[in-house]
Amino acid sequence: MEVAVIGAGQAGLSSAYHLRRRGYEPGTGFVVLDHSPAPGGAWQFRWPTLTYGKVHGMHALPGMELTGADPARPSAEVIGAYFARYERAFALQVRRPVDVSAVREGGEGRLLVETSAGTWAARAVINATGTWDRPLWPRYPGQETFTGRQLHTARYPGPGAFTGQRVIVVGGGTSAVQHLLEIAEVAATTTWVTRRPPLFRAGPFGEEQGRAAVALVEERVRRGLPPQSVVSVTGLPMTEAMEQARAAGVLDRLPMFDEITPGGVAWADGRTIEADVILWATGFRPAIEQLAPLRLREPGGGIALEGTRAVRDARVHLVGYGPSASTIGANRAGGAAVREIHRLLRQGAPVAA
């Protein structure tokens with residue numbers, strides 16, 4: 001195999017599309033390995049009340065627009081069906097479900113991609129595994145004593161599961177706000193807790209601001225630090241629904257608690273709040289454990305990149321990582337990665353640096 005693409009979300013499918021355009025054939029020139037049960041990437045696991053009309057910034061895959069989608073239909077269904085059509089239209093022959101356990105040095109310039117379906121020997125690897133499989137669960141004193149329910153955004157079932165309950169939502173991102181707006185309609189009480197005061201932005205967010213935000217994330221990745229989300233730099237877009245929720249007190253934020261008790265949470269100043277549920281909307285981390293045998297991490301804890309290329313091994317590209325962790329960013333990064341890989345393979349792939 002010339003190229004192995006790990007992951008079939010936006011980043012993986014974009015990369016596969018550009019490989020086809022460069023003349024690589026699926027099955028011989030490249031393979032796409034996806035551990036999910038169906039097309040749709042992480043979108044297929046999103047909660048039912050996240051309808052397509054509520055999705056912010058979903059950018060079409062290269063070569064095929066997403067048109068005529070019902071905004072009231074769950075985004076998991078809309079995007080899952082769109083990805084399935086895309087895979088068929090470009091005959092990408094995604095292999096699933098296939099779990100990739102490790103990528104290792106294989107000798108003679110090849111990388112061994114070890115999976116639940118066998119091992120592929122590739123001259124280059126595009127890692128497009130996203131973050132959904134690595135939910136971040138912060139740890140706080142007393143967490144194991146809580147007698148209620150704790151869950152993460154990755155397993156959020158929709159607001160109906162919280163009817164009549166006292167719910168604490170932890171996290172300062174878009175998901176936390178979406179959860180709060182929904183749950184507040186049915187819960188007995190909601191409490192919003194974040195480590196830092198949330199940053200809201202009003203008005204349009206133009207290309208100049210977008211480039212500046214991406215540049216900040218890119219700088220961290222270039223220095224080999226773990227990437228931050230673009231949203232952490234841009235702030236939360238203030239919508240009409242959020243304005244209404246803020247006026248109603250739903251978005252009145254409290255600082256992070258110091259301890260979890262059997263019946264709720266507590267602060268060092270003596271304040272306590274009782275709860276039935278703690279919902280951790282605390283984000284995700286890149287799912288890159290399979291690359292560990294290649295020793296690509298820098299002392300700062302991240303993988304240093306030049307563009308999409310791993311600084312420590314020119315055969316490895318990360319798409320959908322750091323500055324390209326958005327739908328439009330993944331599209332562009334997929335094309336950039338394939339251009340570099342094509343040039344590298346024509347020259348003859350070197351061994352790792």
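Two strands count as paired if DSSP finds at least two bridges between them. In this predicted model, strand β1, residues 3-6, meets that condition with β2, because four bridges join the two. The two strands run parallel, and a good place to see the pairing is Ala-4, whose bridge partner in β2 is Val-31.

From this pair, the view can be widened to the whole sheet. Six strands make up an open sheet, and reading across it gives the order β2-β1-β6-β19-β18-β17. The pairing within the sheet is mixed. At the edges lie β2, residues 30-33, and β17, residues 305-306, each of which pairs on one side only. Helix α1, spanning residues 10-21, packs on the sheet and touches β1, β2 and β6, the last of these covering residues 124-127. The direction of α1 makes about 165° with that of β2.

Further along the sheet, β6 is joined to β19 by three bridges, and this pair is parallel. Here Val-125 has Val-316 of β19 as its bridge partner. Strand β19 covers residues 313-318 and is mostly covered, with five of its six residues buried. With β18, residues 309-310, the arrangement is antiparallel, and two bridges connect β18 to β19. One of the bridge partnerships links Ala-310 with Asp-313 in β19. The connection between β18 and β19 is a hairpin through two residues.

Attention can now turn from the strands to the packing of side chains. The largest nonpolar core holds 35 residues, and the members that touch the most others are Val-3, Leu-13, Leu-19, Phe-30, Met-58, Phe-83 and Ile-126. At least two residues of this core come from each of β1, α1, β2, α2 (75-89), β6 and α7 (327-347). Helix α7 gives the most, supplying six residues.

Leu-19 offers a helpful close-up of this core. Leaving aside residues up to four places away in sequence, Leu-19 touches Val-3, Val-5, Tyr-24, Phe-30, Ile-126 and Val-338. Three of the contacts named here, Val-3, Phe-30 and Ile-126, also appear among the core members that touch the most others. Apart from this core lies another, made of 23 residues, including Ala-4, Ile-303, Leu-305 and Tyr-321. Ala-4 is thus a residue to look at twice: a member of this other core, and the bridge partner of Val-31 in β2.

Definitions and conventions
Residues are numbered from 1 along each chain as its sequence is written. This is a predicted model: local features need pLDDT of at least 70, side-chain atom pairs count only at pLDDT 80 or more; totals for chains, interfaces and linings use all residues. Side-chain values use heavy atoms; hydrogens and water are left out. Contact means heavy atoms within 4.5 Å. Axes are lines fitted to C-alpha atoms, for helices over the stretch in contact, and angles run from 0 to 180 degrees between N-to-C directions. Buried means under 20% relative accessible area, exposed over 50%, partly exposed in between (1.4 Å probe, protein chains only). A nonpolar core is a set of buried Ala, Val, Leu, Ile, Met, Phe, Trp, Tyr and Cys residues joined through side-chain atoms within 4.5 Å.
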